[in-house]
Amino acid sequence: MTTNELHLSKGSTANAQYTLDIDPKRAGWAHSSLRIVELPPDGTHLFTTGDSEWIVLPLQGGCTVRTEGQEFQILGRESVFSGVSDFVYVPRDAQAQIASGAGGRFALAGAKCERRLPARYGPAPEVPVEDRGSGTSARQVRNFASAAAFDCDKLIAVEVITPGGNWSSYPPHKHDEHRPGEESELEEIYYFEIDGPNGIGYQRVFPSREGGTDVLAEVRSGDAVLVPDGWHGPSIAQPGHDMYYLNVMAGPGETREWRICFHPDHTVGYR
């Protein structure tokens, strides 16, 4: 795939339902999906999960999710920079409705799966928050649906806040091979938002094998970068503009796990 196919600028995948719509067919892979839906006040959105499990995660605003005969109230948040949000897990082979009295923007992080797990609510206070790195590589990781924090069949999803001027996703790392106990094979989507008007960031992906993924993208709010393989990082935030990204991952492994390999030519002390 070319750089233009892997760096998806805001609006480039929009359709009548979603402002961003990345499914396995669009991405050219087999597992990971991400959609962003924007609702006006008193707006609703009905979707069918099909062969994928989904997490409804507010980016801005709150909502009600109705599915499987249950109703879940999500308090949400003012923006992705204001703190952790609660969320709802919706199983495969189901229908779900999102309704928002005040309106808002909501991410649907998805992964093709086999097991049908129950619909569940994820409270914000139970989301593990990790301060990772130090100095100019310090960032905050919100592990709301990491493999260790929340039960899914295949889906892994986390949020990262990178302070303005800092690097994250550093050292460069990869997860494109199945090596038991060392590395898991995972497709990954980065979805970005930048705090403040006209803010930018940069995302690097470079080959881990001959002919592999090679991208240097200038990203803005609403952009996404696909990582089918390769070393990825750093993710660089413009000074004065904090950077948010949502990572959505899934792969073919029988065990749902996030195991990565760091690039040997970079200083491991910056993890």
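**Exercise 1. Thr13**

Task: In the predicted model, find where Thr13 is placed and decide whether Thr13 is buried or exposed.

Solution:
- Step 1. Thr13 sits in the loop between strand 1 and strand 2 (20-22).
- Step 2. Its relative accessible area is 11%. The cut-off for buried is under 20%, so Thr13 is buried.
- Step 3. Leaving aside neighbours within four places in sequence, the contacts of Thr13 are Leu8, Thr19, Leu20, Asp21 and Arg26.
- Step 4. Take Arg26 from that list. Thr13 and Arg26 are 13 residues apart in sequence, and their C-alpha atoms are 8.8 Å apart in space.

**Exercise 2. The open sheet**

Task: State the order of the 7 strands in the open sheet and identify the edge strands.

Solution:
- Step 1. The order is 1-19-16-21-13-12-11, with antiparallel pairing.
- Step 2. An edge strand pairs on one side only; here these are strand 1 (7-8) and strand 11 (129-132).
- Step 3. Inside the order, look at strand 16 (residues 187-194) and strand 21 (residues 243-250), which run antiparallel and are joined by 8 bridges.
- Step 4. One bridge can be named: Glu187 has Ala250 of strand 21 as its partner.
- Step 5. As background, strands of a sheet pair through backbone hydrogen bonds, either parallel or antiparallel.

**Exercise 3. The two faces of strand 4**

Task: Sort the residues of strand 4 (residues 43-48) into a covered and an uncovered face, and find the bridge partner of Leu46 in strand 8.

Solution:
- Step 1. In a regular strand the side chains alternate between the two faces of the sheet.
- Step 2. The covered face of strand 4 holds Gly43, His45 and Phe47, while Thr44, Leu46 and Thr48 are on the uncovered face.
- Step 3. Strand 4 runs antiparallel to strand 8 (residues 95-100), and 6 bridges join them.
- Step 4. The partner of Leu46 in strand 8 is Gln97.

**Exercise 4. The nonpolar cores**

Task: Name the residues that touch the most other members of the largest nonpolar core, then list the contacts of Ile55.

Solution:
- Step 1. The largest nonpolar core has 49 residues, and those touching the most other members are Leu34, Ile55, Phe144 and Leu246.
- Step 2. Strand 21 gives the largest share of this core, 6 residues.
- Step 3. Beyond four places in sequence, Ile55 is in contact with Phe87, Val88, Tyr89, Ala107, Leu108, Ala109, Phe144, Ala145, Phe150, Cys152 and Leu155.
- Step 4. A second, separate core has 17 residues, among them Phe72, Val90, Leu108 and Ala119.

**Exercise 5. The pockets and His173**

Task: Describe the lining of the largest pocket and that of the second largest, then decide whether His173 is buried or exposed.

Solution:
- Step 1. The largest pocket holds about 350 Å³ of space. It is lined by 25 residues, of which Arg132, Val141, Val158, His173 and Trp258 are the closest to its centre.
- Step 2. This lining has 14 nonpolar, 6 polar and 5 charged residues. At least two lining residues come from each of strand 11, strand 12 (139-145), strand 13 (156-162), strand 16 and strand 21.
- Step 3. The second largest pocket has a volume of about 160 Å³. Of its 13 lining residues, Ser184, Gly253, Glu254, Thr255 and Glu257 are the closest to its centre.
- Step 4. The lining of the second largest pocket has 3 nonpolar, 5 polar and 5 charged residues.
- Step 5. His173 belongs to strand 15 (residues 173-174). Its relative accessibility is 7%, so His173 counts as buried.
- Step 6. Leaving aside neighbours within four places in sequence, His173 is in contact with Tyr190, Gly230, Trp231, His232, Ile260, Cys261 and Phe262.

Methods
Residues numbered from 1 in each chain as written. Predicted model: local features only at pLDDT ≥ 70, side-chain atom pairs only at ≥ 80, totals over all residues. Heavy atoms only, no water. Pairing = 2+ DSSP bridges. Helix = DSSP H or I, 4+ residues; strand = E, 2+ residues; numbered from the N terminus. Core = buried A, V, L, I, M, F, W, Y, C linked by side-chain atoms within 4.5 Å. Buried < 20%, exposed > 50% of the residue type's maximum accessible area, 1.4 Å probe, protein only. Contact = heavy atoms within 4.5 Å. 1 Å grid on protein atoms, 1.4 Å probe; cavity = no way out; pocket = protein on both sides within 12 Å on 5 of 7 lines; lining within 4 Å. Points joined across faces, edges and corners; volume = space filled by probe spheres on them. Nonpolar A, V, L, I, M, F, W, Y, C, P; charged D, E, K, R; others polar.
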